[in-house]
Amino acid sequence: MHGVGGQVIWVDLTKGQVEKRPLEEEIVRDYLLGVGYLSRVLTDEIGAERDPFSPGNVLGIATGLLTGSMFPQSSRFTIAALSPLTDIWGESHAAGFWGPELKLAGYDAVFFRGASASPVYLHIEDSEVNLHDAEQVWGMGVFQTDDILRKRHGRMTRVLSIGQAGENLVRFAAIMNDRDRASARSGLGAVMGAKKLKAVSVRGHGKITVAHPEVYLTEMDEFYRRMLANPFTPGRAKYGTTHLIELMQHIGRLPSYNMRQGVFEGYDRIGGDAINECYLVKPRADWSCLQRCGRFTAVRTGPYAYQGGSPEFESQSSLGSRCGNANLESILYAHHLSNMYGLDTISLGGTISWAMEAWEQGLITSEDTGGIDLTWGNHESIVKLTRMIALREGFGDLLAEGSARAAVRIGRGSDRFVMAVKKQEMAGQEPRAQKSMGLAAATAARGADHLYGFPVLDEVGFDDDIRERFGEKYLPEMADRLNPKYKGIMVKECEDFMVMIESVGLCKYGTQIPPEFYYDDVAKALRLHNGLEVTPAQIQLIGERIVNLNRLFNARRGITRRDDSLPRRLTDEPAPNGPSAGQTVELEQMLDEYYACRGWDLVSGLPLKSTLERLGLSKDALN
């Protein structure tokens, strides 16, 4: 097959052994690469009872079939394991250059099992794959680790590593690559920490072959032309995702004060215009990226001075409006610290905002916090807690467990302020202002998540795309973000599409928002790049197969319809103000439609036997 390295690396950290295996093309045929490949392999490897921190947990990293190609935004790769935050399926994704570099070295995926007795890192350079002592970099942040390993192995080496948060088993620790690209969700950095695996550095000097070189550049040029001509592209290049603050405020979907409301009075002080005016250094692009949503920013003076990668919308929201914080320099700096320590800023802000609301209600006191004041908007406390959580110091040790576990330990009724699903903090989407986002958060395989389904078609008027993808009969209800009707159908289709996209290594920007490329484009790219003859219907079915396999992985660990829930605030308490005032999330209605569309049992929420047979998953059925 073209467009792949053709080999998979298996590392037994307990024994210190490295093994190379051929890429199993029969798995690729049924699951593609990326998250699909990881879903199949890890479902077979990880048993139902394993502790996420035990040596029995297996961590996998996989590129997509189009990773490293010339298709727009084709830089992505996936990391997966049993999540220490949710205790169920955990996956995370990142852009940058690390994934394409792994392909150039001749590999498509790396798996780690066991645990090392002392800190190690894996260095890959073409045919040489070796474990090295990591004592020198253990205890260091992501930036220092990157500097040292690139000095040791060459400045073109690409480094993926954890910071102190992963070493200290913070349950929402991220894995960072290319310094500030984050595989943030699911706490997989803590899995690397438990395995004493500090980093994976890679340098490749090989080539990525393509199946049809005679027309490749011409066809890729056409994909480029379409991406650049899309009306969304200039705005994305100008602002990245930072300008979503202004849009979300406009539709009442900006989580504020621990999701108590969807509007924030200080939104204009933390938005895209404010960043561009005072702190933007320049935009940045990842491999083959035309959207260029990455940024470099700097705060030149004062207590929050830094220079580095910029936050995206999720960090602005979680460390800003969600905590009632309108001090932009503190948000930029806390984001910078999160990159250095290796933290998921969504769970970081979600956990701190839970503590702030519990503080407001008198359920957490200065006796609990060691004197730290948790009044809404206290930016000095937010920055201080970022460090304390990463290092598990004082009150930070409790917050490092995430809001759901911390609420159990604090008690006093503080659990009613936990804004999480399956123990993972919700991202920056106030679902009372967009019902499809509420359903997507409830059903996502990795716990509260906006990206697993990423149902944005009803966000800002993609009526024509809804008509094209679903049909006229679903309009106008499906395009109405406040109407729950047909959202089960939309979320199901979006989930299938998004896991397929993560299996080929493309970005959601360009495929889902703006919805420029669809199944037929991906099928064409797979034929041109990989020589894979698949139809749009076949890769759509593969996406559905992956979602069902993820559901079975979680079902082994007891997940049912009961767990596809939202915090009661969102289903029972009307939004108090803003454009969505009076709205709640009609979750049960949408779940019924979603399960029926999926072919899942309406009571248990588990796939029906006929569904598994249709998808070729009968052997994975539960007893």
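Reader: How much area does the protein chain expose, and what share of it do carbon and sulfur atoms supply?

Author: This is a predicted model. The area exposed by the protein chain is about 20,600 Å². The share supplied by carbon and sulfur atoms is 49%.

Reader: What percentage of the residues in the protein chain are buried?

Author: A residue is called buried if its relative accessible area is under 20%. The protein chain has 623 residues, and the buried ones make up 65%.

Reader: How many helices and strands does the protein chain have, and why is it called as compact as a globular protein of that length?

Author: The secondary structure comes to 25 helices and 17 strands. For 623 residues the globule rule gives a radius of gyration of 25 Å. The chain is as compact as a globular protein of that length because its own value is close to that, at 23 Å.

Reader: Is strand S3 enclosed or open, and how many of its residues are buried?

Author: Side chains in a regular strand alternate between the two faces of the sheet. On one side of S3, Leu59, Ile61 and Thr63 are buried, and on the other side Gly60 and Ala62 are buried too. S3 is therefore largely enclosed by the rest of the structure, with a buried count of five of the five.

Reader: Which residues stand opposite Ala62 in S4 and in S6?

Author: S3 pairs with S6 (residues 109-113) in the antiparallel sense over four bridges. S3 and S4 (residues 77-82) also run antiparallel, joined by four bridges. Opposite Ala62 stand Thr78 in S4 and, in S6, Ala109.

Technical notes. Residues numbered from 1 in each chain as written. Predicted model: local features only at pLDDT ≥ 70, side-chain atom pairs only at ≥ 80, totals over all residues. Heavy atoms only, no water. Helix = DSSP H or I, 4+ residues; strand = E, 2+ residues; numbered from the N terminus. Rg over C-alpha atoms; globule rule 2.2 N^0.38 Å. Buried < 20%, exposed > 50% of the residue type's maximum accessible area, 1.4 Å probe, protein only. Areas by Shrake-Rupley, 256 points an atom, 1.4 Å probe, with all protein chains shown as cover. Pairing = 2+ DSSP bridges.
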